[in-house]
Amino acid sequence: MNEQDKDRSGDPNIGDRFQQETKYTPEKLAGHTLDWSRVPEPYKNHPAAGRRVELPPVRFDKGSPVWDVLASRRSVRRYAVSKTMALDELGLLLWATQGITASTSRFEFRSAPSAGGLYPIETYLEIKDVGTLEPGIYHFRPHRFDLECIQTGNLGIALARAALGQDMVADAQVCFIWTAVVERSKWKYRQRAYRYIYMDAGHIAQNLYLAATALGLGVCSIGAFYDDRVNALLGLDGIRETTVYLASVGCL
């Protein structure tokens, strides 16, 4: 690698360093305690939200049995662009990915597992054609089971460009955008938190695949995107909260 390549990529061994430097050893863990006075808020209410949209009650009588779903799951990149996704279908997808399934005095458990029950992943939606919702960017609040409208407009093409020009993003009825509120995990796990954040995102994405397949919808998860272009669409700083994963979802 020449010097110009090094300048473009930053540290060429950053991935190796991340893996090595976040390894646990008895020495690294010695003396570490949790500061319970600094526990981050588990939910985000978006400060720029306009109107809020209550999602329909979740019905579990829709869809296929889980074994059929597992056998049928595929990444689907072509969608019927003229169709409209039903709002209750979107509600089921959101419940499957981050819906609250049980509560205790300390935790509210969700449909996908999270390291330490900290749930650092937030869900945003770029909506093109879902029910009567106005196209735009929305933020999902699991604790209220509703959507906050962040901005309106047809943003699918802009998001597709940020996703390295992948047309399926612009064609999809909705695109899921998952971000990480990093301090929720770092508060407990310090630098190893980044490992857990990506594990959490993977659990959530697989649940989306299974729920969408059960409903006869197509999904394709996306790891290739210009991070800060997506962050800019959401108004994020890319440090305290940053985009980690995308998924297009469309009608077939």
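Start by selecting Cys251 in this predicted model, and then display the residues that touch it: leaving aside its neighbours within four places in sequence, Cys251 is in contact with Tyr79, Ala80, Lys83, Thr84, Met85, Gln173 and Leu217. Cys251 belongs to strand β9, which covers residues 241-251, and with a relative accessible area of 6% it counts as buried, because buried means under 20%. If you now add Val69 to the selection, you will find that its C-alpha atom and that of Cys251 are separated by 16 Å, although the two residues are 182 places apart along the chain.

Stay with strand β9 and select Tyr245, which forms an aromatic pair with Trp178. The ring centres of Trp178 and Tyr245 are 5.6 Å apart, and with 50 degrees between the planes the pair is tilted. Trp178 is found in strand β7 (residues 174-181) and Tyr245 in strand β9, 67 residues apart, so that the pair links distant parts of the chain. Trp178 is buried, with a relative accessible area of 0%. Adding Phe176 to the view completes a group, since Phe176, Trp178 and Tyr245 form one aromatic cluster.

The structure holds seven aromatic pairs, and another one to select is that of Phe60 and Trp95, whose ring centres lie 5.0 Å apart and whose planes meet at 70 degrees, so the pair is edge-to-face. Phe60 sits in the loop between β1 (52-54) and α4 (66-72), while Trp95 is in helix α5 (residues 87-98), 35 residues apart from it. Colouring by accessibility separates these two partners: Phe60 is exposed, with a relative accessible area of 60%, whereas Trp95, at 25%, counts as partly exposed.

Next, look at two places where a charge meets a ring. Select Arg73 together with Tyr209, and you will see the charged end of Arg73 over the ring of Tyr209, 4.8 Å from its centre. Then select Arg229 with Tyr226, where the arginine lies over the face of the ring, at 4.4 Å from the ring centre.

Finally, zoom out to the whole protein, which has 10 helices and nine strands and whose C-alpha trace spans about 55 × 55 × 40 Å along its principal axes. Its radius of gyration is 19 Å, which agrees with the value near 18 Å for a compact globule of 252 residues. Buried residues make up 43% of those 252 residues, and among the contacts with a separation of 6 or more, 75% are between residues 24 or more positions apart.

How values were computed: Residues are numbered from 1 along each chain as its sequence is written. This is a predicted model: local features need pLDDT of at least 70, side-chain atom pairs count only at pLDDT 80 or more; totals for chains, interfaces and linings use all residues. Side-chain values use heavy atoms; hydrogens and water are left out. Helices (H or I, at least four residues) and strands (E, at least two) are DSSP runs, numbered from the N terminus. Buried means under 20% relative accessible area, exposed over 50%, partly exposed in between (1.4 Å probe, protein chains only). Contact means heavy atoms within 4.5 Å. Rings of Phe, Tyr and Trp (its six-membered ring) pair if their centres lie within 6.5 Å; planes under 30 degrees apart count as stacked, over 60 as edge-to-face and the rest as tilted. A charge sits over a ring if NZ of Lys or CZ of Arg is within 6 Å of the ring centre and within 35 degrees of the ring normal. The radius of gyration is taken over C-alpha atoms; the globule rule is 2.2 Å times the number of residues to the power 0.38.
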